[in-house]
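Let's take a walk through this structure together, from the overall fold down to single residues. Keep the 3D view open as you read.

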Amino acid sequence: MKGRPLLPFAITAIIGILLMVALSFVGLDQRADREAGEEGDTGEEMVIDDPIVAGQELYTNSCVSCHGGNLEGGVGPALNALEGVYSAEEIVDIIHNGRGAMPAFSNLSDAEADAIAQYVLSQSQ
Ligand code: HEC
């Protein structure tokens, strides 16, 4: 019975050590991911091969919540009939500067905003 009270401590210590090792591997992994994704100093900017594909992804990240999954609108107006209403440049302008209740997206680069504009215009019905 003598050694008994130590057992919980030993278990706690072992779990603690395992946790530390596991977490440091997670940390290393994340650092590798960050370094791999880094280009220039933002580390966020995406490489745009196909503006429509990239635009759709960016739209999903930034615009879906207000303009709907099918551009049908919601909090914001529908964006499914903008062809002939706005040029790509005008949409880029709205994205960068916001408008009314719509926030400005200053974190999106010109190329990213343009990709979203291309995507939105490509979906006009
Ligand atoms: C927080 C909600 C919200 C988000 C997020 C949002 N919008 Fe908007 N958007 C609005 C609102 C509200 C309006 C109407 C603004 C006005 O004219 O007063 C609007 C208007 C627009 C218009 C003009 C539509 C028209 O018929 O005049 C475009 C184009 C547009 N948004 C594109 C986008 C794009 C692209 C994104 C993603 C980068 C985006 N919006 C993200 C709320 C949002």
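A good place to begin is the outside of the chain, at Leu28. With a relative accessible area of 46%, Leu28 is partly exposed, because its value falls between the 20% and 50% cut-offs that separate buried from exposed residues. Leu28 sits in helix 1, which spans residues 6–37. Together with Ile17, Val21 and Phe25, Leu28 makes a nonpolar surface patch of about 400 Å². Please bear in mind throughout that this is a predicted model.

Now step back and look at the whole chain. It contains five helices and zero strands, so the pattern read along the sequence is simply α-α-α-α-α. Of its 125 residues, 26% are buried. The accessible surface of the chain amounts to about 8900 Å², and carbon and sulfur atoms account for 58% of that area. Contacts that link distant parts of the sequence are well represented: among contacts with a separation of 6 or more, 52% join residues 24 or more positions apart.

Next, turn to the inside. The largest nonpolar core has 20 residues, and the members that touch the most others are Tyr59, Ile91, Ile95, Ile116 and Val120. Three elements each give two or more residues to this core: helix 2 (51–62), helix 4 (88–97) and helix 5 (110–122). Helix 5 provides the largest share, with seven residues.

Tyr59 is a helpful residue to center your view on. Which residues does Tyr59 contact once its neighbours within four places in sequence are left aside? The list runs through Val64, His67, Gly68, Leu71 and Leu79, and then on to Ile116, Tyr119 and Val120. Two of these partners, Ile116 and Val120, are also named among the core members that touch the most others.

Another partner of Tyr59, Leu71, deserves a closer look. Leu71 lies in the loop between helix 3 and helix 4, and at a relative accessible area of 2% it is buried. Its backbone also stands out: phi of Leu71 is near 60°, a positive value in a residue other than glycine. Most residues other than glycine have a negative phi.

The same loop also holds Asn80, between helix 3 (64–67) and helix 4. Is Asn80 buried or exposed? Its relative accessibility is 19%, so Asn80 counts as buried, since the cut-off is under 20%. Beyond its neighbours within four places in sequence, Asn80 is in contact with Asn70, Leu71 and Glu72, as well as with Gln123, Ser124 and Gln125. Leu71 therefore appears in the contact lists of both Tyr59 and Asn80, each pair having heavy atoms within 4.5 Å.

For a contrast, move to the loop between helix 1 and helix 2, where you will find Asp49. Asp49 is exposed, with a relative accessible area of 72%. Its C-alpha atom is separated by 9.9 Å from that of Ala115, although the two residues are 66 apart along the chain.

Finally, consider the cysteines Cys63 and Cys66. Cys63 counts as buried, at 11% relative accessibility, whereas Cys66 is partly exposed, with a relative accessible area of 30%. How many disulfides does the chain have? The count comes to zero, because a disulfide requires a pair of cysteine sulfur atoms within 2.5 Å.

Conventions: Residues numbered from 1 in each chain as written. Predicted model: local features only at pLDDT ≥ 70, side-chain atom pairs only at ≥ 80, totals over all residues. Heavy atoms only, no water. Core = buried A, V, L, I, M, F, W, Y, C linked by side-chain atoms within 4.5 Å. Buried < 20%, exposed > 50% of the residue type's maximum accessible area, 1.4 Å probe, protein only. Helix = DSSP H or I, 4+ residues; strand = E, 2+ residues; numbered from the N terminus. Patch = residues over 30% accessible without salt bridge, like charges linked within 9 Å, V, L, I, M, F, W, Y side chains within 5 Å. Areas by Shrake-Rupley, 256 points an atom, 1.4 Å probe, with all protein chains shown as cover. Salt bridge = Lys/Arg side-chain N within 4 Å of Asp/Glu carboxyl O.
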